Amino acid sequence: MSLLSNRFALLALCSCITVTSVLASSDVTELSILIPYDKPDKPDSYMCTSIPVDSPSKLYILKFNPVADMGAVHHMLLYGCIEPGITNAKLWNCGHMSGDGSYVHYLGERLRSGSICSRGQQRILYAWAKNAPSLSLPEDVAFEIGEEAGITSLVLQLHFGDPHHMPATWNLANGQIGLSLEVTRQKQKKLAGVYLLGTGGSIAPRETTLLETACIMKEEKTIYPFAFRTHSHSLGKVISGYRVRVDNYGYCKWSLIGKKDPQLPQMFYSVEQTVPVKTGDILAARCTMESDRDTITYIGPTRNDEMCNFYIMYYVTDGKILEDDSCDAGGPFENYWLANYPTLNNIPDDASVL
């Protein structure tokens with residue numbers, strides 16, 4: 001998709017990373033991406049760990065089971081790629097998002113720094129925050145991984161909170177934290193993908209700010225959204241996402257994909273209605289942000305910054321997911337929809353209302 005405008009080194013940890021694989025009679029395998037629980041030495045630490053997908057044939061993810069708590073982890077993101085950011089370490093600092101470039105210590109060791117992925121497209125497969133529960137995909141729908149699918153590494157990024165407020169002890173998964181997956185070798189009829197609409201921008205002090213984005217679908221295919229997820233920090237009040245279809249006269253018809261208070265558990269919720277998205281349709285998202293602060297708040301990676309993200313989980317029936325998996329509209333994002341009038345018109349009056 002393109003812009004609307006004309007438009008994620010500790011070798012000593014290797015034995016501690018848990019990767020389980022239990023083949024059941026139903027051909028369901030459990031893959032666990034877990035690290036020993038500890039407190040990092042500074043707040044807003046971003047850490048990554050990875051496991052290889054050792055299967056020459058394709059595997060299909062059916063379910064995501066988080067092993068985490070919002071008292072310790074602000075959010076987790078699971079990525080698929082060919083190679084992780086660091087190939088000879090099981091845990092590394094992927095905190096280039098945190099801005100200061102400082103070192104992070106975990107389990108008494110200084111972590112090496114690297115990107116989320118070093119080779120292959122960095123695809124988002126799953127996102128978690130605010131104690132969201134497990135996610136089971138619909139029948140016949142799965143994420144495809146494996147060598148043939150171009151995903152031979154799974155990378156889990158964990159954004160830890162303030163260590164001073166994190167639990168001193170951890171009773172989940174024998175003192176480990178992370179994510180467990182249920183996968184199968186049985187081919188599924190519909191392949192799943194995630195498309196992300198996000199913004200930059202800023203929130204004015206003691207005002208309501210609308211951060212918005214929109215991109216047109218230019219790939220020759222139809223996607224079928226079945227779940228959505230919203231993500232902001234403390235200032236987000238309502239996040240909504242739409243499919244916009246423009247008729248021959250330039251009139252926009254807005255169809256709601258999903259709308260949610262981002263202060264609720266940030267899980268993937270079922271879509272409001274069946275809204276297929278085809279070539280030429282527009283995907284649009286708005287974050288309604290309300291600030292009680294005396295200073296400007298910018299979009300950024302820390303808990304004191306903000307984020308404006310609308311995730312669409314979709315399936316396709318033609319065996320190939322979208323090549324372009326995010327919307328980069330370029331901004332400015334404040335009141336973006338109005339700024340793109342008349343391309344965007346007939347904006348819903350209730351886009352900021354639950």
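This report describes the disulfides, the nonpolar cores and the surroundings of one threonine in a predicted model.

Residues are numbered from 1 along each chain as its sequence is written, and side-chain values rest on heavy atoms, with hydrogens and water left out. Because the model is predicted, local features need pLDDT of at least 70 and side-chain atom pairs count only at pLDDT 80 or more, whereas totals for chains, interfaces and linings use all residues.

**Disulfides**

A search of the whole structure finds 4 disulfides, a disulfide being a pair of cysteine sulfur atoms within 2.5 Å. With the bonded cysteines counted along the chain, their pattern is 1-3, 2-4, 5-8, 6-7. Three of these links are set out below.

| Pair | S to S | Angle about the S-S bond | Handedness |
|---|---|---|---|
| Cysteine 48 and cysteine 94 | 2.2 Å | 90° | right-handed |
| Cysteine 215 and cysteine 327 | 2.1 Å | 85° | right-handed |
| Cysteine 287 and cysteine 308 | 2.0 Å | 90° | right-handed |

Cysteine 48 belongs to strand S3 (residues 46-52) and cysteine 94 to the loop between strand S7 (91-93) and strand S8 (105-106), so this pair ties together parts that are 46 residues apart in sequence. Strands here are DSSP runs of E with at least two residues, numbered from the N terminus. Cysteine 48 is buried at a relative accessible area of 0%, and cysteine 94 likewise counts as buried at 0%, where buried means under 20% relative accessible area (1.4 Å probe, protein chains only).

Cysteine 215 and cysteine 327 are both buried. Since cysteine 215 lies in strand S18 and cysteine 327 in strand S26 (residues 326-327), their link ties together parts that are 112 residues apart in sequence. For the third pair, cysteine 287 sits in strand S23 (residues 282-290) and cysteine 308 in the loop between strand S24 (297-298) and strand S25 (309-316), so the parts joined are 21 residues apart in sequence. Cysteine 287 and cysteine 308 are also both buried.

Why does cysteine 252 form no bond with the closest cysteine sulfur? The sulfur of cysteine 252 is 14 Å from that closest cysteine sulfur, which belongs to cysteine 215, and this is too far for a bond. Cysteine 252 is itself buried, with a relative accessible area of 0%.

**Threonine 209**

Threonine 209 is found in strand S18 (residues 208-216) and is buried, with a relative accessible area of 9%. Leaving aside neighbours within four places in sequence, the contacts of threonine 209 (heavy atoms within 4.5 Å) include Ser202, Ile203, Ala204, Cys287 and Glu334. The side chain of threonine 209 reaches the backbone nitrogen of alanine 204 at 3.3 Å. Histidine 231 is 22 residues from threonine 209 along the chain, and their C-alpha atoms are separated by 16 Å.

**Nonpolar cores**

A nonpolar core is a set of buried Ala, Val, Leu, Ile, Met, Phe, Trp, Tyr and Cys residues joined through side-chain atoms within 4.5 Å. The largest one has 63 residues, and those touching the most other members are Phe64, Leu78, Phe143, Leu154, Ile177, Leu181 and Met313. Strand S5 (residues 73-81) contributes the largest share of this core, 6 residues. A second, separate core of 42 residues includes Leu197, Phe228, Ile239 and Leu344. Not counting residues up to four places away in sequence, leucine 181 touches Thr29, Glu30, Leu31, Ile61, Lys63, Phe64, Leu78 and Leu154.

Notes:
Helices (H or I, at least four residues) and strands (E, at least two) are DSSP runs, numbered from the N terminus. Buried means under 20% relative accessible area, exposed over 50%, partly exposed in between (1.4 Å probe, protein chains only). A polar contact is a pair of N or O atoms within 3.5 Å; within protein, one must be able to donate a hydrogen and the other to accept it, and residues adjacent in sequence count only if both atoms are side-chain atoms.
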